[in-house]
Amino acid sequence: MARKFDCFIIFAEMRTGSNFLESNLDQFPGLKCYGEAFNPYFMVTPKMKELFGVTVAMRDADPMTLIARMKEHAPGLPGFRFFHDHDPRVFDALMDDPRCAKVVLTRNLVDAYISRKIAWETDQWQLNDVKHAIKKKARFVPEEFEKLFYRMKDFQLKIKARLQQSGQTAFYLDYEDAQRIEVINGLARYLGETTEISEFAGTFKKQNPEPASDKVQNFEALQQTIDRIDPFDLHKLPNFEPGRPPAITTYLASEALEMVFMPIKGGPDDRIVNWMKALGPIKDDFTQKALRQWKRQHKAHRTFTVLRHPVARLHAAFCRYLVAHGPDTYWDIKHALRESYDVSLPVAEPDDGWDRQAHRDAFMQFIGFVGKNLKGQTGIRVDAAWASQTALVQGFAGFALPDHVLREDRLSEGLAAILAELDIDIPVQLPEAAPDAPFALADIYDAEIEAAVRKLYQRDYMMFGFRPWDSQT
């Protein structure tokens, strides 16, 4: 039977038991491990100069050369251990290769951290005989642990995402699993091995089997730090909103100002565009190629976007695209909201019966619809006019992030700062903002509206630090 895999990679970290796992896999005749083959500071071991004729310099120049030699010359299925700081080129190449088996070894991060600290203190990184064990308590450093925790968590999430995107799975085991002979035999079968082992290699011994409270000098500091961390993401904001493209066709560039405006739909676009037009011609309807060419021709350029308060932005979109009767009206969505989502919008132009209370009621109903829409619970598209500003700014990154993210309530000051960077000495004279119609936000705004919109756009409020709308007007 043909082998399913050409090689395997063990994703692990320091003090997760990867040496112990490797020593046991090496007992199988059809498997061969090559340690930290892609550690940036050495190859397999600090003393090794070359492997299969590949020197460290050759490996660093082209890591895939070493992988090819492993596959060709290893006496069995070759594998190696890979940590978060190893050669990223290897990660990118093998994560999408279904012929490379993925093994993910994890350990309780508190235990891994304490083990690492003790190893640093004692300079005993491996234990072959318990008679030689050096006992010493570790000092817990909260900032150091938190940095390690989030770094390792991010790496695990990166592995999971790449496996999902490429339609693969991995063999997962943790530190305790690796102490069970039946799990090691199961892993070997996953890798294509037909034999089994009956006992562990015995090369490495567990160094510090005591509970954490007996191994840490300042155990209270450890407990307080763990209490601050949210390992299960209980406070994570759920996000089912679809990603956004960069929408380059909406960008506008001013030749005179050497500035590119990246609009966020629903923002104060008209004021900015009219200001730019008053100072000279503008170019729009870009493609990625055309915008790159423009940037090369205007080497000192600056790009910017403008945030609007979520309440003001959603109300502006509500008035412009759903209440108004004109060229910007979303007629199909308006009809669907009236018929299927209980949003009491006017059939056509608002008449005398459309008073302030009717306007407020319909806006609250629209807020309820947007809440379902952003969670993917409706059959209607998430329009850019009410997509979160976080998603839209993240979408810019598909091409390039803006140099400046300005805020509508400080727009003149923000534009003046960009002009100063470009050595352009002109006053910023923005046209007045056209009020929302048929009612301004101030006519209906209250704490209930603020709370409802904040619930919709928790991520925007958190990421951009928005305060209640009435506190900045």
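Buried residues make up 47% of the 473 residues in this protein, and what you have open is a predicted model. Let's walk through it.

**The whole chain**

Start zoomed out, with everything shown as cartoon. You should find 18 helices and 12 strands. The radius of gyration is 30 Å, well over the 23 Å that the globule rule gives for 473 residues, so the protein is more spread out than a compact globule. Along the principal axes, the C-alpha atoms fill a box of roughly 90 × 50 × 50 Å. Now turn on contacts between residues at least 6 apart in sequence: 73% of them join residues at least 24 apart.

**The open sheet**

Next, pick out five strands that form an open sheet; reading across, the order is E2-E5-E1-E6-E7, with parallel pairing. Which strands sit at the edges? They are E2 (31-33) and E7 (171-174), each of which pairs on one side only. Spin the view a little and look at the twist: neighbouring strands here are turned by 25° against each other on average, ignoring direction.

Zoom in on residues 7-11, strand E1, and residues 77-82, strand E5. These two pair in the parallel sense over four bridges. For one spot to click on, try isoleucine 10, whose bridge partner in E5 is arginine 81.

Keep the sheet on screen and add residues 142-165. That's helix H6, which packs on the sheet and touches E1, E5, E6 (100-106) and E7. Compare directions and you'll get about 150° between H6 and E6.

**Helix H9 and its surroundings**

Now select 269-278, which is helix H9. Which of its residues are buried? Show Asp269, Arg271, Ile272, Val273, Trp275 and Met276 as sticks: those are the ones. To see what they pack against, add strands E8 (252-254), E9 (259-261), E10 (282-283) and E11 (302-307), plus helix H15 (411-421). Before leaving, click glycine 280, just after H9: its phi is positive, at about 150°.

**Two crossing helices**

Last stop: select 310-323 for helix H11 and 447-456 for helix H17. They pack at an angle of about 95°, and their axes are 9 Å apart. That angle makes H11 roughly perpendicular to H17. For the side chains involved, show Pro310, Val311 and Leu314 on the H11 side, then Ile449, Glu450, Val453 and Leu456 on the H17 side. How many residues of each class are in this contact? Six are nonpolar, none is polar and one is charged.

Key: Residues are numbered from 1 along each chain as its sequence is written. This is a predicted model: local features need pLDDT of at least 70, side-chain atom pairs count only at pLDDT 80 or more; totals for chains, interfaces and linings use all residues. Side-chain values use heavy atoms; hydrogens and water are left out. Two strands pair if DSSP finds at least two bridges between them. Axes are lines fitted to C-alpha atoms, for helices over the stretch in contact, and angles run from 0 to 180 degrees between N-to-C directions. Contact means heavy atoms within 4.5 Å. Angles under 35 degrees count as roughly parallel, over 145 as roughly antiparallel, 65 to 115 as roughly perpendicular and the rest as oblique. Ala, Val, Leu, Ile, Met, Phe, Trp, Tyr, Cys and Pro count as nonpolar, Asp, Glu, Lys and Arg as charged, and the others, Gly among them, as polar. The radius of gyration is taken over C-alpha atoms; the globule rule is 2.2 Å times the number of residues to the power 0.38. Buried means under 20% relative accessible area, exposed over 50%, partly exposed in between (1.4 Å probe, protein chains only).
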